[in-house]
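These are my notebook entries on a single chain, written while going through its sequence and coordinates. I looked up a handful of local sites and one pair of packed elements.

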Amino acid sequence: MIFNGRSFLFVALGCGITFVCASGIHAQQTADPSLQTRPASGQDQEPDPLKRQRSDEEQFKARNQVRQELKGAYKTWLDQDVAYIITDEERKAFKNLGNDEEREAFIEQFWLRRNPNPDSPDNEFREEHYRRIQYANDHYAAGKPGWKTDRGHMYIAFGPPDSTDSHPSGGSYQRPQDEGGGETSTFPFEVWHYRYLEGIGENIDMEFVDTCQCGDYHFTIDRSEKDALSKVPGAGLTQYEEMGMAKKADRFKGGFENLGAGPMSSQNQSKEFDRIELAAKLFAPPPIKFADLESAMSEHKLLTGPVFPFDVRTDFVKVTSSTVLVPVTLQIRNRDITFVTKDGVAKGVVNILGKVTTLTHKTVQTFEDTVEVEQPAELLEKSLDRKSIYWKAVPLLPGLYRLDIAIKDVNNPDHLGIYGKSLEVPAYHDEKLGTSSLILADQIYPVSSHDIGQGSCVIGNIHICPRVTPNPATPVSYKRNQDLNFWMQVYNLGINDQTKSNEAKVTYQIIDSATNAVVFEKEQDSKDFGEHSDQLTVEKTLPVAGLQPGKYKVTIKINDEISKQEIAQSAPFVVE
């Protein structure tokens with residue numbers, strides 16, 4: 001291409017203009033920093049990959065990568081230590097935990113749920129469980145650890161039998177009539193008898209046979225399995241076979257028991273399914289007693305029948321630095337219970353099922369029980385205005401939970417009641433002054449040394465049954481001829497290094513809610529309570545006869561003179 005002078009000039013001017021415009025734009029951007037960060041518009045803007053929402057598959061994969069593999073001591077605990085006592089729901093929940101810290105908390109709660117005395121530092125259930133494992137390993141090992149054998153399994157799950165019929169060498173055996181009678185020779189075998197097993201029944205017999213004669217007794221529901229001569233022609237005949245009334249070959253025509261004909265053999269066939277059912281119960285995880293209540297509570301169904309009303313109160317009492325006892329009190333009016341009269345006695349029965357779950361719907365505690373209310377038939381009408389109380393202490397870690405309770409009137413199956421509410425369990429920090437719930441009760445009295453921490457409405461060595469109202473805002477009521485009983489514990493008091501004792505002022509007041517005037521006040525030193533540790537218990541009984549009808553509140557104030565902390569709790573009540 002050939003350029004002339006004019007063309008060259010136009011080209012040069014065009015380049016200059018382009019250069020100047022570009023330079024101007026650059027200068028403008030330098031002068032105005034906001035223009036530098038202005039995002040591109042339209043299709044030129046690309047999404048930030050760090051802010052993109054992950055798909056369900058990616059989220060699931062990420063959770064699996066975070067979850068630590070179950071191994072070591074935790075795998076041993078699940079597969080060996082508690083293999084026979086952990087429920088399927090608990091096993092599933094434990095496997096879904098993401099780290100060792102959660103597993104430690106789960107294990108602590110697992111044993112606390114089974115502790116018959118939550119206030120005791122020693123868990124009797126756990127100690128007995130590990131004692132049984134050790135006993136099984138010492139006495140039932142047979143080429144494998146004793147806990148893996150069937151006898152070890154039953155011993156760990158149900159404890160020692162009430163009686164044992166042992167034939168360690170087998171040999172000559174006179175059959176009982178229900179096994180056909182007659183004499184035979186057996187393999188080594190044992191029969192364990194339990195008078196009662198909860199959830200299974202009464203007079204339970206477990207039979208174990210060592211067919212290999214190697215010391216490994218296995219559980220069997222076939223009582224003919226111990227017969228060493230069962231397949232030897234003409235030997236070990238039953239009573240009818242000896243009399244020519246039956247043939248030995250007839251034993252093997254079907255059925256899982258080959259006992260042979262005898263005086264009571266006609267009853268054996270009808271009991272075969274009973275023996276199968278027994279075996280299923282013995283090897284199954286603990287069942288839920290009230291399946292209908294479990295369904296109503298978990299599915300949140302609308303109640304089709306009349307609502308069964310009841311009131312619930314929850315309190316909080318510190319047990320350890322990481323465990324809080326949560327007493328749950330249910331109050332049911334006798335008038336709402338269906339009574340059935342028989343032999344001059346009116347009886348009402350209520351099934352109760354409770355469940356505590358986390359925010360992720362993991363079950364951490366369950367409780368189930370049956371409350372029976374009995375009255376002489378002629379006094380039933382007068383007792384309908386009374387109230388029945390059910391009390392259960394549940395150990396929990398600090399945190400936020402949901403408490404669900406379902407009740408059923410057994411004599412009126414459509415009469416159900418359901419309760420559900422959030423439950424915030426407080427944390428008691430070591431350096432911070434804290435208190436339990438302030439409980440207003442009907443009675444307060446010490447229990448005997450044998451009943452400490454046991455039974456309904458027992459906290460430590462004190463029997464205290466809270467008064468329950470339909471909701472926390474409704475005050476409890478007292479008549480003028482009754483006593484006002486209140487109880488509260490104080491935690492984390494400071495300790496004097498020289499006297500090794502606490503130094504605090506405890507003030508309790510009765511305040512008229514209408515005028516906010518203090519109508520009663522008393523101050524005491526912490527030493528007056530006879531406790532010199534970092535914890536003390538305030539319990540008091542005051543007559544309300546001197547109070548005029550009206551609304552009041554009781555307030556307890558704690559002034560710790562060592563840590564220089566103060567704390568107070570109040571509870572309303574009404575004098576009628």
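**Positive phi in loops**

I began with N516, which is found in the loop between β22 and β23 (517–525). The model I am reading is a predicted one. I looked up the backbone of N516 and noted a phi near 60 degrees, a positive value in a residue other than glycine. I then checked its accessibility: N516 has a relative accessible area of 56%, and because the cut-off for exposed is over 50%, I entered N516 as exposed.

I turned next to D343, in the loop between β10 (340–342) and β11 (345–357). D343 is not a glycine, yet its phi is positive, about 55 degrees. With a relative accessible area of 72%, D343 is exposed.

I added G159 to this entry, the residue that follows α8. Its phi is positive as well, near 80 degrees.

**The chain as a whole**

I recorded the overall counts before going further. The chain has 576 residues, and 40% of them are buried. I noted twelve helices and 26 strands. I also looked at how far contacts reach along the sequence: of those between residues at least 6 apart, 63% join residues at least 24 apart.

**Helix α8**

Which residues of helix α8 (residues 150–158) are buried? I listed R151, G152, H153, M154, Y155 and I156. I then asked what these buried residues pack against. The partners I found are two helices, α7 (124–139) and α10 (272–283), together with the strands β4 (189–197) and β5 (201–209).

**Helices α5 and α6**

I examined the packing of helix α5 (residues 88–95) with helix α6 (residues 100–114). Their axes are 10 Å apart and the angle is about 160 degrees. Because of that angle, I describe α5 as roughly antiparallel to α6; the cut-off for this term is over 145 degrees. The crossing of α5 past α6 is right-handed. On the α5 side I noted E90, A93 and F94 as the contact residues; on the α6 side, R103, F106, I107, F110, R113 and R114. By class, I entered five nonpolar and four charged residues for this contact, and no polar ones.

**F308**

I looked up F308 in the loop between α11 (291–299) and β7 (311–314). Is F308 buried or exposed? Its relative accessibility is 1%, so I entered F308 as buried. Leaving aside neighbours within four places in sequence, I found F308 in contact with I332, D336, I337, V350, I407, K408, D409, H415, L416 and G417. For one of these, I337, I noted the separation from F308: 29 residues in sequence and 8.2 Å in space, C-alpha to C-alpha.

**S383**

S383 is placed in helix α12 (residues 380–383). I noted S383 as buried, with a relative accessible area of 1%. Where does the side chain of S383 reach? I found it at 2.8 Å from the backbone oxygen of L380. Not counting residues up to four places away in sequence, S383 touches N334 and Q375.

**S501 and K505**

I closed with two residues at either side of the start of a strand entry. S501 lies in the loop between β21 (483–491) and β22, and K505 is in strand β22 (residues 504–512). At 10% relative accessibility S501 counts as buried, whereas K505, at 25%, counts as partly exposed.

For S501 I listed contacts with G494, I495, N496, H532 and I562, leaving aside neighbours within four places in sequence. With the same kind of neighbours left aside, K505 is in contact with E523, Q524, D525, K557, I558, N559 and E561. With which side chain does the side chain of K505 make a polar contact? I found that of D525, at 2.4 Å. I also noted the spacing of K505 and D528, which are 23 residues apart in sequence and 9.9 Å apart in space, C-alpha to C-alpha.

Terms used:
Residues are numbered from 1 along each chain as its sequence is written. This is a predicted model: local features need pLDDT of at least 70, side-chain atom pairs count only at pLDDT 80 or more; totals for chains, interfaces and linings use all residues. Side-chain values use heavy atoms; hydrogens and water are left out. Helices (H or I, at least four residues) and strands (E, at least two) are DSSP runs, numbered from the N terminus. Buried means under 20% relative accessible area, exposed over 50%, partly exposed in between (1.4 Å probe, protein chains only). A polar contact is a pair of N or O atoms within 3.5 Å; within protein, one must be able to donate a hydrogen and the other to accept it, and residues adjacent in sequence count only if both atoms are side-chain atoms. Contact means heavy atoms within 4.5 Å. Axes are lines fitted to C-alpha atoms, for helices over the stretch in contact, and angles run from 0 to 180 degrees between N-to-C directions. Angles under 35 degrees count as roughly parallel, over 145 as roughly antiparallel, 65 to 115 as roughly perpendicular and the rest as oblique. A crossing is left-handed if the near helix is turned anticlockwise from the far one by less than a right angle, and right-handed if clockwise. Ala, Val, Leu, Ile, Met, Phe, Trp, Tyr, Cys and Pro count as nonpolar, Asp, Glu, Lys and Arg as charged, and the others, Gly among them, as polar.
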